[in-house]
Amino acid sequence: MYFRFKPISVLLPVLWLLVACGEETLYSKLSERDANDMVALLLSAGLSASKGTDQDDKYKVLVAKDSFAQAVNLLRLNGYPKQTYNTLGEVFAKEGFVSSPLEERARLNFALSQEIANTISNVDGVLLARVHLAVPPKDELTDEVSPASASVFIKHRADIDLSGSTGMIKNLVVNGIENLAYDDVTVAFFKSGGVNNIRTEAGVIREQASK
């Protein structure tokens, strides 16, 4: 009896289909940079992951079904997916109605806080940044302006010490907000429950899952 082997060109699509069926979408509607970073982190941890195209020029991250839970946990511990921030242009996009001065001031303060938080989030080690502003309105009778204040919340990787960056972060906020003094900015740092060694953490996750 003779066996006829099919050409490799015929078998490859079948193999690809089998592999694809073993993957699930972990996150979608991602920027290419975030998708690349997430896939790199997962691969560094020894987990099977790949990047795929999504709608509207966005990307998605796919992982093997048997490592879905581990992948979600590992990404969460390391601050992924990254928080998105609104730009000034997005906040002040015209929507066909006229805003009151109070609404315009609130939108401006929100837009500024988003811009500053976005800048801080790009500092190495920062996983999440939020800026809360208190900017009192100008007194219409006296033209006096009360001093503003700001508080900054920063969640960072556990293996990175950002305490020496307090002054730099305060300056970023002060330079972006009118009538804000350096001493009126409070910065609070919080360590993430993230990992110091990615491969070690992935091994622990798999070990726990097998019990």
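1. Start with the loop between β2 (49-53) and β3 (59-64), where D56 lies. Its phi is the thing to look at: D56 has a value near 55°, which is positive in a residue other than glycine. Keep in mind that this is a predicted model.

2. The strands on either side of that loop belong to an open sheet of three strands, ordered β1-β3-β2, with antiparallel pairing. The edge strands are β1 (23-30) and β2, each pairing on one side only. From one strand to the next, the twist averages 25°.

3. Within that sheet, β1 and β3 run antiparallel and are joined by five bridges. If you want a register check, take Y27: its bridge partner in β3 is V61.

4. Now the other sheet. It is open too, with three strands in the order β4-β5-β6, but here the pairing is mixed. At the edges sit β4 (126-134) and β6 (180-191), each of which pairs on one side only. The twist averages 15° from one strand to the next.

5. Which way do β5 and β6 run relative to each other, parallel or antiparallel? They run parallel, and eight bridges join β5 (residues 148-156) to β6. For the register, S151 has T186 as its bridge partner in β6.

6. The peptide bond between Y80 and P81 is cis, with omega at about -5°. P81 lies in the loop between α3 (68-77) and α4 (88-91). Y80 also shows up in a charge-over-ring contact: the charged end of K82 sits over the Y80 ring, 4.9 Å from its centre. So this short stretch gives you a cis bond and a lysine over a tyrosine ring.

7. There is another lysine of this kind. K51 lies over the face of Y59, 5.0 Å from the ring centre. As for ring-to-ring contacts, the count comes to one aromatic pair. If you follow that up, a pair of aromatic rings is described by the distance of the centres and the angle of the planes.

8. Last, the second largest pocket, with a volume of about 240 Å³. What kinds of residues make up its lining? Seven are nonpolar, two are polar and three are charged. The lining includes R105, L108, N109 and L112, then V135, P136, P137 and K138, and also V145, I177, E178 and N179.

Notes. Residues are numbered from 1 along each chain as its sequence is written. This is a predicted model: local features need pLDDT of at least 70, side-chain atom pairs count only at pLDDT 80 or more; totals for chains, interfaces and linings use all residues. Side-chain values use heavy atoms; hydrogens and water are left out. Rings of Phe, Tyr and Trp (its six-membered ring) pair if their centres lie within 6.5 Å; planes under 30 degrees apart count as stacked, over 60 as edge-to-face and the rest as tilted. A charge sits over a ring if NZ of Lys or CZ of Arg is within 6 Å of the ring centre and within 35 degrees of the ring normal. On a 1 Å grid over the protein atoms alone, a cavity is a set of points where a 1.4 Å probe fits but cannot get out, and a pocket is an open set with protein on both sides within 12 Å along at least five of seven lines; lining residues have an atom within 4 Å of a point. Grid points are joined across faces, edges and corners, and a volume is the space filled by probe spheres set on the points. Ala, Val, Leu, Ile, Met, Phe, Trp, Tyr, Cys and Pro count as nonpolar, Asp, Glu, Lys and Arg as charged, and the others, Gly among them, as polar. Two strands pair if DSSP finds at least two bridges between them. Helices (H or I, at least four residues) and strands (E, at least two) are DSSP runs, numbered from the N terminus. Axes are lines fitted to C-alpha atoms, for helices over the stretch in contact, and angles run from 0 to 180 degrees between N-to-C directions.
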